[in-house]
Amino acid sequence: MAVNYKKLFHLLIDKGMTNAELMEKSGFSANIITRLKRNHYVSLDSIEKICYALDCGVDDILEFIPDEKENGNND
């Protein structure tokens, strides 16, 4: 199962917040932003910091994308 962070970047736009502002408010490095943009693994600690900084829930910033095999397409 893959994770997609498109919702996070839409939320940033809605709130008028830049990536740099999120980094400063959340207290993490540019590496985390890069990992988010590439839909790579990000620790739960970082997700928690983002949610706290944006005053939102996990489901507001990410979504799980099921693998095709898990979708029942493995005939």
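**Exercise 1. Find which residues of α4 are buried, and decide how they are arranged around the helix.**

Step 1. Collect the buried positions. In α4 these are Ser46, Ile47, Ile50, Cys51, Ala53 and Leu54.

Step 2. Look down the helix axis. The buried residues of α4 fall within an arc of 165 degrees, so they line one face of the helix.

Step 3. Recall the helix geometry. An α-helix has 3.6 residues a turn, so residues three or four places apart point the same way.

Step 4. Turn to the other side. The face of α4 pointing away from the buried side carries the exposed residues Leu44, Glu48 and Tyr52.

Step 5. Ask what lies over the buried side. The cover of the buried residues of α4 includes α1, α2 (19-26) and α3.

Step 6. Step past the helix end. Asp55 follows α4, and its phi is positive, near 50 degrees.

A caution applies to every exercise here: the model is predicted.

**Exercise 2. Classify Ser46 and Glu48 of α4 as buried or exposed.**

Step 1. Place both residues. Ser46 is found in helix α4, and Glu48 lies in that helix too.

Step 2. Set the cut-offs. Buried means under 20% relative accessible area, and exposed means over 50%.

Step 3. Take Ser46. Its relative accessibility is 8%, so Ser46 counts as buried.

Step 4. Take Glu48. Its relative accessibility is 54%, so Glu48 counts as exposed.

Step 5. Add the surroundings of Ser46. Beyond its neighbours within four places in sequence, Ser46 is in contact with Phe28 and Ile32.

Step 6. Add a distance for Glu48. The C-alpha atoms of Glu48 and Ser26 are 9.0 Å apart, with these positions 22 residues apart in sequence numbering.

**Exercise 3. Describe the setting of Leu8, then relate Leu8 to the largest nonpolar core.**

Step 1. Locate the residue. Leu8 sits in helix α1 (residues 6-15).

Step 2. Check its exposure. The relative accessible area of Leu8 is 0%, so Leu8 is buried.

Step 3. List its contacts. Leaving out neighbours within four places in sequence, Leu8 touches Leu22, Leu36, Ile50, Leu54, Asp60 and Ile61.

Step 4. Single out one partner. Ile61 is 53 residues from Leu8 along the chain, yet their C-alpha atoms are separated by 4.0 Å.

Step 5. Move to the core. It holds 20 residues, and those touching the most other members are Leu8, Leu22, Leu36, Ile50, Leu54 and Ile61. The elements giving two or more residues to this core are α1, α3 (30-37) and α4 (44-54). The largest share, five residues, comes from α4.

Step 6. Set this beside the general pattern. In soluble globular proteins, nonpolar side chains tend to be buried together.

**Exercise 4. Summarise the whole chain: its elements, its dimensions, its surface and its charges.**

Step 1. Count the elements. The chain has four helices and two strands. From the N terminus they run β-α-α-α-α-β.

Step 2. Give the dimensions. The C-alpha atoms fill a box of roughly 50 × 25 × 15 Å along the principal axes.

Step 3. State the burial. Of the 75 residues in the chain, 31% are buried.

Step 4. Sort the contacts by sequence separation. Among contacts between residues at least 6 apart in sequence, 63% join residues at least 24 apart.

Step 5. Describe the surface. The accessible surface comes to about 5,300 Å², and 50% of this belongs to carbon and sulfur atoms.

Step 6. Finish with charge. The chain carries 9 positive and 13 negative side chains. The centres of the two sets lie 6 Å apart.

Technical notes
Residues are numbered from 1 along each chain as its sequence is written. This is a predicted model: local features need pLDDT of at least 70, side-chain atom pairs count only at pLDDT 80 or more; totals for chains, interfaces and linings use all residues. Side-chain values use heavy atoms; hydrogens and water are left out. Buried means under 20% relative accessible area, exposed over 50%, partly exposed in between (1.4 Å probe, protein chains only). Contact means heavy atoms within 4.5 Å. A nonpolar core is a set of buried Ala, Val, Leu, Ile, Met, Phe, Trp, Tyr and Cys residues joined through side-chain atoms within 4.5 Å. Accessible areas come from the Shrake-Rupley method with a 1.4 Å probe; for residues, only the protein chains shown count as cover. Lys and Arg count as positive and Asp and Glu as negative; His and the chain ends are not counted. The place of a charge is taken as NZ of Lys, CZ of Arg, CG of Asp or CD of Glu. The arc is that of the directions from the helix axis to the C-beta atoms.
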